[in-house]
Amino acid sequence: MQSISTIGLDIAKSVFQVHGADAAGQVVLRRQLKRRHVLAFFEKLPSCLVGIEACASSHHWSRELQAMGHTVRLMPPAYVKPYVKRQKNDTTDADDREAVTRPNMRFVPTKTVEQQSCLMLHRARHLFIRQQTAVINSIRAYLAEFGIVAPVGRRGVEQLLEVVADTADRRLPEVARACLAALASQLRALKAQILEFDRRIIAWHRSNATSKRLDAIPGVGPALATALVASIADPVAFRSGRDFSAWVGLVPKQNSSGGKDKLGSISKQGDRYLRSLFTAGALAVIRYAKIHGTGHRPWLTGLLARRPTKIAAIALANKLARMAWAMMARNERYREPAALAA
């Protein structure tokens, strides 16, 4: 084991696959490990380079192995795929030591426990919102079967819940009322849980200096600011704001060849959650500008004159992403444009 310099580790729930190579790249170790034996195995090894695909629980194992003195590099699975020779199994997945040593390979910075906790807040809240939407749609559909409908929106849902709670309303059979009452109870519980998660996100936002600085950008609120801080372990890993925007999926998709540049719609690659928050923030800025006037934002005014609102929102979201990256990478505060400050 003293000759091992690079290890490819395929993580899983129970059975892990380890491939070790020496400094010349020759395979010197192939082994399966149970989960309980992984840390004990790496404790006996001298410090080496460990390559892991950035998937579920990879940040946990990265922190554990780094604490032992190993150098851990997390690689996006899409970038490791070309190095797999043939077939799909744990053995070939672990044989990615060649990928981890490539100079042009991109790596994923390891997130801290605090960042992962904040991301869990966002993911759980997003799950509850989807469940809330599903419950509301079910209530509307079931009541429509009995000819009971209401306008779209929060007030419409409240009207339907009043019908469910009114036992004097004979339009609903008792069995149907019991089912809808259970759904109404679940809806109230989901709303209470979402509000509690909102409070926790606000508290996390107020305790983080970077998140509070990002909140000053128009269109960036506590939700987006905390999601950015939690998702980006190392802003310097992106060479520029455009690279960060491309990672979020807000840049045009290219289909260029023969010296001819062909740009299409946005790529929609990368983090869908961040992209949706950036787009929502851009739409909020445009909505505010349309109400209060766009004279103080000449760039946005010219864009809205040439393009539809949704296309302008994507362009503005791209700009917001670049601004957020610059503030995070350079540790700067938001500075208002000269036209806006005037």
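Start by selecting Asn331, which sits in the loop between α14 and α15 (338–341). Keep in mind as you go that this is a predicted model. Asn331 is not a glycine, yet its phi is positive, at about 55 degrees. Is Asn331 buried or exposed? Colour by accessibility and you should find Asn331 exposed, with a relative accessible area of 58%.

Now hop to Lys268 for another positive phi. Here the value is near 55 degrees, again in a residue other than glycine. Lys268 belongs to the loop between β7 (263–266) and α12. Its relative accessible area is 57%, so Lys268 counts as exposed.

**Into the core**

Next, go inside. Select Leu214, Ile217, Leu228, Phe244 and Phe278: these have the most contacts inside the largest nonpolar core, a set of 40 residues. To see where that core comes from, show the elements that give two or more residues to it: α6 (113–144), α10 (222–231), α11 (241–248), α12 (272–292), α13 (298–306) and α14 (309–330). Which element gives the largest share of this core? That would be α14, with 11 residues.

Centre on Leu228 and show what surrounds it. Leaving out neighbours within four places in sequence, Leu228 is in contact with Leu214, Phe244, Leu274, Phe278, Ala324 and Met328. While you have the cores on screen, pick out Ile11, Leu33, Cys48 and Ile52 too; they are included in a second, separate core of 19 residues.

**A helix under wraps**

Back to Leu228, and widen the selection to the whole of α10. Eight of the 10 residues of α10 are buried, so this helix is largely enclosed by the rest of the structure. Select Leu224, Ala225, Thr226, Ala227, Leu228, Val229, Ala230 and Ser231 to see the buried ones. What covers the buried residues of α10? The cover includes α6, α8, α9 (209–214), α11, α12 and α14.

**α12 against α14**

Hide everything but α12 and α14. Their axes are 8 Å apart, and the two helices pack at an angle of about 115 degrees. The crossing is right-handed. For the α12 side of the contact, show Phe278, Thr279, Gly281, Ala282, Leu283, Val285, Ile286 and Lys290; for the α14 side, show Thr309, Ala312, Ala313, Ile314, Leu316, Ala317, Leu320, Ala321 and Ala324. Colour these by class and the contact of α12 with α14 divides into 13 nonpolar, three polar and one charged residues. Phe278 is worth a second look, as one of the residues with the most contacts inside the largest core.

**α6 and two partners**

Now bring up α6 together with α8 (residues 174–206). The axes of these helices come within 9 Å and cross at roughly 155 degrees. That angle makes α6 roughly antiparallel to α8. Their crossing is left-handed. By class, the contact of α6 with α8 has 19 nonpolar, six polar and five charged residues.

For a local view of this pair, zoom in on Leu183 in helix α8. With a relative accessible area of 17%, Leu183 is buried. Which residues is Leu183 in contact with, leaving aside its neighbours within four places in sequence? They are Val135, Ser138, Ile139 and Tyr142. Put a distance label between the C-alpha atoms of Leu183 and Ile139: these residues are 44 apart along the chain, and the separation is 7.1 Å.

Swap α8 for α7 (residues 154–165). The axes of α6 and α7 come within 11 Å and cross at roughly 60 degrees, which makes α6 oblique to α7. The crossing of α6 and α7 is left-handed. Light up Ile136, Ile139, Arg140 and Leu143 in α6, and you will find them meeting Gly156, Val157, Leu160, Leu161 and Val164 in α7. That contact has seven nonpolar, one polar and one charged residues.

**Last stop: Pro109**

Finish at Pro109, in the loop between α5 (97–100) and α6. At 27% relative accessibility, Pro109 is partly exposed. Not counting residues up to four places away in sequence, Pro109 touches His59, Ala233, Asp234 and Ala237. For one more distance label, join the C-alpha atoms of Pro109 and Val248, which are 139 residues apart along the chain: the label should give 16 Å.

How values were computed. Residues numbered from 1 in each chain as written. Predicted model: local features only at pLDDT ≥ 70, side-chain atom pairs only at ≥ 80, totals over all residues. Heavy atoms only, no water. Core = buried A, V, L, I, M, F, W, Y, C linked by side-chain atoms within 4.5 Å. Buried < 20%, exposed > 50% of the residue type's maximum accessible area, 1.4 Å probe, protein only. Helix = DSSP H or I, 4+ residues; strand = E, 2+ residues; numbered from the N terminus. Contact = heavy atoms within 4.5 Å. Axes fitted to C-alpha atoms, helices over the stretch in contact; angles between N-to-C directions. Parallel < 35°, antiparallel > 145°, perpendicular 65-115°, else oblique. Left-handed = near helix turned anticlockwise from the far one by under 90°. Nonpolar A, V, L, I, M, F, W, Y, C, P; charged D, E, K, R; others polar.
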